[in-house]
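Subject: Structure for you to look at

Hello,

Here is the structure I promised to pass along. Please open it first, and then read on for what turned up in it.

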Amino acid sequence: MSPIIGALAASGILKGILAILTMPQLGELVSPTSTFYTVINAVSDSVFYFLPILVGYTAAKRLKGDPILTAIVGGVLVHPTLVALNGKSLLKIGGLQFPMVNYTYSIFPMILAAWLVAKLAKWVKSWLPGYLQIIFTPLIVIAVTSAITLYITGPTIIWLSKGLANVIQWLLLSSGWLSGLVIGGLYQVLVIFGLHWGILPLLANDIATTGHSYLNAILSTTMVAQGAAVLAVAIKTKKTDLKEISFGGAISAFCGVTEPAIYGVNLKFKQVFISGLLGSAAGGFVTGLLHGNMFGFAGSWIGFASFLDPKNPSDLSNLWIFILSSAVATIVPFIATYTWGYNDKMVPGEGMAKPVSPAKK
């Protein structure tokens, strides 16, 4: 997922801006029936609609499979003629029915399909004569993998994915304040060890299956908090080099990328990092308590548009929750860092090396 997270975030921001432009409160600056809206909506939605192709390509590279063959299988899953068959039976065997599922916006079926392509291609090449491989290896791999995914693994995984998303939503809603407090307080700890990469597919699946994510709304505050902590360092320090690095880290964190702040400053002055955790726990508590919801991937202050429901842009409740929780996640760590977390007499530690993204290994 990591190679396409940036594109997902950018598209999420664009979808949010489009929702703002169609708000009745602003006089509906853009009509939902206009050509302009249709074009911009297509631009913002394409990365989500064709997500199986993108995920298939990156998963194939990670699994050392054939990215092109895997992307073709992804294209089969989102082909317009098959999407139109959503809900209809593709095949009946006795009492069993194999329904067609809409795979646009899906992730996990394509990851398994990428694994199947890699294994099947290797097996076919082991017995097929070399002079036949250039044609028949793609033919066999695409046909077999597409059939298995469409008829067996795809519907099963989609069903399980929806169940997983529903469980996540239930947990966050049943004990929102506790979930927000714990997740908000610990998420950036996962980031410093690179363990947050395992959560990204869950977030993507969450939004793909339900159109929103309570979990992502909590994680947004963790970016704000680390940015606020390093901003306090930037304002308080009289060291020119540290001031420049800290301001840069704050801007990056408020734009949704916390690594420059964490690895450049906060971990070197560990009380600054802890101050950020206190702020993200407080912001996550507020978000969870009020059941803040998010409709895109872009987080932190720059991701405000992701808190507007594209289907109901006139509902500003989540935007106000975002503003309140982000304000808390800004004020708490800033004060904690400024009064306790940092002073110029502190000697910076070596911090730790930034973990390598799984996609780059």
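Please keep in mind that this is a predicted model.

Let me start with the inside. The largest nonpolar core is made up of 29 residues, and Leu-8, Tyr-103 and Phe-297 have the most contacts within it. At least two residues of this core come from each of α1 (2-21), α2 (35-49), α3 (51-62), α4 (67-77), α6 (108-127), α7 and α9 (200-210). Helix α6 supplies the largest share, 6 residues. As general background, nonpolar side chains in soluble globular proteins tend to be buried together.

Next, a closer look at α1. This helix has 20 residues and spans 30 Å from its first C-alpha to its last, close to the 28 Å expected at 1.5 Å a residue. Its buried residues include Ile-4, Leu-8, Leu-18 and Ile-20, but also Ser-2, Ser-11 and Lys-15. The buried residues of α1 pack against α2 and α3.

Is Ala-7, also in α1, buried or exposed? Neither label fits: its relative accessible area is 37%, so Ala-7 counts as partly exposed, given that buried means under 20% and exposed over 50%. If you want to place Ala-7 relative to Ala-59, the two are 52 residues apart in sequence and 16 Å apart in space, C-alpha to C-alpha.

Thr-137 makes a good contrast. This residue sits in helix α7, which covers residues 130-174. Thr-137 has a relative accessible area of 3%, and is therefore buried. Which residues does Thr-137 touch, leaving aside those up to four places away in sequence? They are Val-124, Lys-125, Leu-128 and Leu-132.

Now for the outside. A nonpolar patch on the surface is formed by Trp-177, Leu-178, Leu-181, Val-182, Leu-186, Phe-285, Leu-289, Leu-290 and Leu-324, with about 770 Å² of accessible area together. Two or more of its residues come from each of α8 (176-192) and α13 (270-289). Helix α8 gives the most, with 5 residues. Trp-177 belongs to α8, and its relative accessibility of 43% is why it counts as partly exposed.

If you have a few minutes at the screen, I would begin with Leu-8 in the core and then turn to Trp-177 in the surface patch.

Best wishes

Terms used:
Residues numbered from 1 in each chain as written. Predicted model: local features only at pLDDT ≥ 70, side-chain atom pairs only at ≥ 80, totals over all residues. Heavy atoms only, no water. Helix = DSSP H or I, 4+ residues; strand = E, 2+ residues; numbered from the N terminus. Buried < 20%, exposed > 50% of the residue type's maximum accessible area, 1.4 Å probe, protein only. Contact = heavy atoms within 4.5 Å. Core = buried A, V, L, I, M, F, W, Y, C linked by side-chain atoms within 4.5 Å. Expected span 1.5 Å × (residues − 1). Patch = residues over 30% accessible without salt bridge, like charges linked within 9 Å, V, L, I, M, F, W, Y side chains within 5 Å. Areas by Shrake-Rupley, 256 points an atom, 1.4 Å probe, with all protein chains shown as cover. Salt bridge = Lys/Arg side-chain N within 4 Å of Asp/Glu carboxyl O.
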